[in-house]
Amino acid sequence: MFQLGQIVRTPVIKFLLHSSSYIWFLVLLLVESIIAEQFRDVSTSRNQPIYVNSIHMVWVVGFFWYECKEVWIEGLRSYLLDWWNFLDIVILSMYLASFALRIVVYLSGKLYCLADSASYYCFYFTDA
């Protein structure tokens with residue numbers, strides 16, 4: 001087990017693992033696009049299942065966890081001195097904001113439809 005840890009910490013292996021992680025992220029986005037294209041009639045409305053466009057969030061949560069571990073190990077000051085980490089923060093904040101807005105729209109539609117299923121807002125958030 002100790003030798004495996006040493007092998008994984010080598011720069012070449014770390015680079016390969018990070019690269020493969022980004023490739024899997026792109027594969028997840030491709031799968032989501034293919035699913036959205038096959039079910040275009042459902043995915044063009046706001047009445048689409050939230051899990052269809054949220055498969056890649058598993059990767060984003062893992063990336064967020066990795067960045068939290070990096071802050072914990074390096075310390076906040078050292079983490080913020082590296083400019084690449086600012087790029088990571090921006091990327092993560094945009095992914096998390098888009099996911100949060102997706103959830104807000106989904107819940108808004110459900111709440112408006114519970115109150116009055118014939119209202120304009122129910123139609124806007126679900127069928128428009």
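Helices here are DSSP runs of H or I that hold at least four residues, numbered from the N terminus. The tour below concerns a predicted model.

**The whole chain**

Begin with the cartoon view of the entire protein. Seven helices and zero strands are present, and from the N terminus on the elements run α-α-α-α-α-α-α. Now switch to a surface view. The protein exposes about 9,900 Å², of which carbon and sulfur atoms supply 73%. Of its 128 residues, 18% count as buried. Among contacts with a separation of 6 or more, 55% join residues 24 or more positions apart.

**Helix H5**

Select Leu80, which is found in helix H5. Is Leu80 buried, partly exposed or exposed? Its relative accessible area is 33%, so Leu80 is partly exposed. Show the residues around Leu80: apart from residues up to four places away in sequence, Leu80 touches Phe86 and Ile89.

**Helix H6**

Next, select residues 83–115, which form helix H6. This helix has 33 residues and, at 1.5 Å a residue, should span 48 Å; the C-alpha atoms at its ends are 48 Å apart, so the expected and modelled spans agree. Within H6, colour Asn85, Asp88, Leu92, Ser108 and Gly109, which are buried. Against which helices do the buried residues of H6 pack? Their partners are H4, helix H5 (76–81) and helix H7 (120–126).

**Asn85 and Glu70**

Stay in helix H6 and centre the view on Asn85. Asn85 counts as buried because its relative accessibility is 2%, under the 20% cut-off. Leaving aside neighbours within four places in sequence, Asn85 is in contact with Glu67, Glu70, Glu74 and Tyr79.

From that list, select Glu70, a residue of helix H4. Glu70 has a relative accessible area of 14% and is therefore buried. Beyond residues up to four places away in sequence, Glu70 touches Gly75, Tyr79 and Asn85. Tyr79 is thus listed among the contacts of Asn85 and among those of Glu70. A C-alpha to C-alpha distance drawn between Glu70 and Asn85 reads 9.7 Å, and the two residues are 15 residues apart in sequence.

**The nonpolar core**

Now select Phe25, Met57, Trp59, Val60, Phe63 and Leu92 together; these six residues make up the largest nonpolar core. Which helix gives the largest share of this core? Helix H4 (residues 57–74) does, with four residues. In soluble globular proteins, nonpolar side chains tend to be buried together.

Centre on Leu92, which belongs to this core and is also one of the buried residues of H6. With residues up to four places away in sequence set aside, Leu92 touches Val60, Phe63, Phe64 and Glu67. Of these, Glu67 also appears among the contacts of Asn85.

**A nonpolar patch on the surface**

Finally, return to the surface view and select Ile23, Trp24, Val27, Val31 and Ile55. These residues make a nonpolar surface patch of about 440 Å². Within the patch, choose Ile23, which lies in helix H2 (residues 11–38). Ile23 is exposed because its relative accessible area is 52%, and the cut-off for exposed is over 50%.

Methods: Residues numbered from 1 in each chain as written. Predicted model: local features only at pLDDT ≥ 70, side-chain atom pairs only at ≥ 80, totals over all residues. Heavy atoms only, no water. Patch = residues over 30% accessible without salt bridge, like charges linked within 9 Å, V, L, I, M, F, W, Y side chains within 5 Å. Areas by Shrake-Rupley, 256 points an atom, 1.4 Å probe, with all protein chains shown as cover. Salt bridge = Lys/Arg side-chain N within 4 Å of Asp/Glu carboxyl O. Helix = DSSP H or I, 4+ residues; strand = E, 2+ residues; numbered from the N terminus. Buried < 20%, exposed > 50% of the residue type's maximum accessible area, 1.4 Å probe, protein only. Core = buried A, V, L, I, M, F, W, Y, C linked by side-chain atoms within 4.5 Å. Contact = heavy atoms within 4.5 Å. Expected span 1.5 Å × (residues − 1).
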